[in-house]
Amino acid sequence: MLSSTSFHLFETMDAATRLRLPICSYRSKHSQHFQKLLPILVSHAQESEIPYKQHERSRPFQCRHVHTQPRRHVSSATLHLPEIESATQAPTFPSPEIPVSKPPLSCLPLSTLIRSYLITAVSSVDILLRPSLATLSFLAHAKLPLFSPDTNPLIRMALKKTLYAQFCAGETPAEIKGTVTQLKQMGYAGVILAYAKEVVLQGKDAEAFDAALDCSEQERCTQEEIAAWTNGNMETVRLAEKGDFVALKFTGAGRQAMQSLLKGDICGPNLEEATHNICRLARERGVRLLFDAEQNAVQAAIDRWTIHFMKEYNRAGKGSALVYGTYQAYLKGTPAKLVRHMEEAKRGGWTLGVKLVRGAYLGSDPRQLMWEDIESTHRCYDGIAEALMRRRWNDVLKGEGEMAHADLVLASHNRESVKQARTIRDEQAQKGEARIGMVYGQLMGMADNVSCELVQEAKERKEMERTGEKVDVPQPFKYLVWGTVGQCSKYLLRRAQENRDAIARTVDGRKALGRELARRMGFVR
Ligand SMILES: Cc1cc2nc3c(=O)[nH]c(=O)nc-3n(C[C@H](O)[C@H](O)[C@H](O)COP(=O)(O)OP(=O)(O)OC[C@H]3O[C@@H](n4cnc5c(N)ncnc54)[C@H](O)[C@@H]3O)c2cc1C
């Protein structure tokens, strides 16, 4: 970790950058700190295979197009929420105009840049990562108050200033609003907010649920656990602003919900009423709901419940999804399931809300249900995304007749997938073709190089749109979890594990962050 002096130094530099003061005066003033950081950053600058500008120019979706025909304005606002206009825009936070040549990561505050750099650096060095993960796992599962992040102030503070600050929105409404405002000011179209409380099934936990439930216990579950889940999600919807998303997990609703999910039962009356209340509040506030995909043992029931709510809340016409289900591309059965859901949506005349992910339970779900290798998962993910965007069946999503209307949240940190989507959308804008309602989502604290490219591109594209160019303006969203440090600790553990598992991407991200740090210090341009 950086010493507090170094942190102070970088904060000062950040202020200096904002005030456009020459960085070299800070360099001389704090030369001893720079001397320590210099070798690391210079090595990063050297490690970068492609200098930023050259790399930017090589991106196919970054080029401006020359038109021979009269220019026509193409709006990017293809998504209309029920009862609200231009819901995807964030009118309260005008995005600052910045020159098109600005490096994408320049939108990150310096303190975030340094924290991200250090966390990705630790994640890519095995000798540091192993003990960090073991400690985090111990704390996330600690039963003794002495080791709980919510009761031990030292542990709480250590986590809150590091991993929690990197991946989470905050503990109080004021903290959450502050984080969300900062992201929107950076240029994000909005956020995906989630309440941290969750249940992750391990080993024999599922059977323990059965054993624990007698009548009085069931009553307590209904009264307390569902109520806590409802209040948490209602509060999240209230914290979100018009055009934002709220993500929710049915497994967080307690033991009774968990039992129904495991048995594949229909949603119980208490949980159904609670979910309707959340949906109604979301509709009133112009907030969309993403129902997360979870472990395979409960996913079939989650799908049924999600479709049940989509049928009721996604009826307002084309491009109007309020409720989205999550589809995991690493499962071999996902394309066929998606086709079935599209047919149901078409028959019922409602819009299918699709959040497309690769899948987060590779280590715990039955392996035989998944593609054998990551390449097949990539093919499945990109194939589904392409079919949905073009509204055309292909060799991954095989159906017949006209496709149902679907809105898409492309939730991925994979740069190639995002790039493919951007190319398709640009091509569609160029040709004046209709585009589906679509946003991009990345988790806070992860893949900032991908997110910031989208943010930067959105700013450039808005400018181009203003001059009449036919372009697609991407809508980047960040996924943020809120809750106490203790409630978020299992989420933090998963993020740390994911950074370890996606080592190649982590190294790419670290290089990009290092390059940006070096650039801000004037070592590279
Ligand atoms: C906004 C957002 C919301 C999310 N919501 C959910 C959710 O509700 N449910 C959920 O499950 N996940 C969710 N995720 C996590 C997601 O499923 C992925 O774990 C994560 O995003 C990494 O995948 P990637 O697309 O970013 O790309 P990459 O990092 O390129 O791909 C990594 C993924 O590829 C797959 N994979 C890796 N190795 C193999 C292999 N050998 N064989 C087959 N497949 C392999 C795994 O799915 C792995 O996560 C969400 C992610 C985001 C960004």
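How much accessible surface does the protein chain have, and what share of it belongs to carbon and sulfur atoms? The surface comes to about 23,300 Å², and 55% of that belongs to carbon and sulfur atoms. Before I go on, keep in mind that what you see here is a predicted model.

Okay, the overall picture. We have 525 residues in the protein chain, and 55% of them count as buried. For secondary structure, the chain has 19 helices and nine strands. And what about contacts across the sequence? If you take contacts between residues at least 6 apart in sequence, 80% of those join residues at least 24 apart.

Let's zoom in on a pair of helices. Generally, two packed helices are described by the angle between their axes and the distance between the axes. Our pair is helix H12, residues 269–285, and helix H13, residues 296–313. Their axes are 11 Å apart, and the packing angle is about 45°. So H12 and H13 are oblique to each other, and the crossing, as H12 passes H13, is right-handed. Who makes the contact? On the H12 side you'll find Leu271, Glu272, Thr275, His276, Cys279, Arg280 and Arg283. From H13 come Trp305, His308, Phe309, Glu312 and Tyr313.

Next up, cysteines. A quick reminder: a disulfide is a covalent bond between the sulfur atoms of two cysteines. So how many disulfides do we count here? Zero. Take cysteine 107: its closest cysteine sulfur is in cysteine 452, 3.3 Å away, and that's too far for a bond, because the cut-off is 2.5 Å. Cysteine 107 is buried, by the way, at 16% relative accessible area. Then there's cysteine 168, also in no disulfide, with the sulfur of cysteine 488 as the nearest one at 3.9 Å. Cysteine 168 is buried too, with a relative accessible area of 4%.

Last stop, the backbone. Most residues other than glycine have a negative phi. Two residues to look at here are arginine 391 and alanine 447. Arginine 391 has a positive phi of about 55°, and you'll find this arginine in the loop between helix H15 (374–390) and strand S7 (406–411). Alanine 447 has a positive phi as well, about 45°, and sits in the loop between strand S8 (438–443) and helix H17 (448–466).

Are these two buried or partly exposed? Arginine 391 is partly exposed, at 27% relative accessibility. Alanine 447, at 15%, counts as buried, because the cut-off for that is under 20%.

Definitions and conventions
Residues are numbered from 1 along each chain as its sequence is written. This is a predicted model: local features need pLDDT of at least 70, side-chain atom pairs count only at pLDDT 80 or more; totals for chains, interfaces and linings use all residues. Side-chain values use heavy atoms; hydrogens and water are left out. Helices (H or I, at least four residues) and strands (E, at least two) are DSSP runs, numbered from the N terminus. Buried means under 20% relative accessible area, exposed over 50%, partly exposed in between (1.4 Å probe, protein chains only). Contact means heavy atoms within 4.5 Å. Accessible areas come from the Shrake-Rupley method with a 1.4 Å probe; for residues, only the protein chains shown count as cover. Axes are lines fitted to C-alpha atoms, for helices over the stretch in contact, and angles run from 0 to 180 degrees between N-to-C directions. Angles under 35 degrees count as roughly parallel, over 145 as roughly antiparallel, 65 to 115 as roughly perpendicular and the rest as oblique. A crossing is left-handed if the near helix is turned anticlockwise from the far one by less than a right angle, and right-handed if clockwise.
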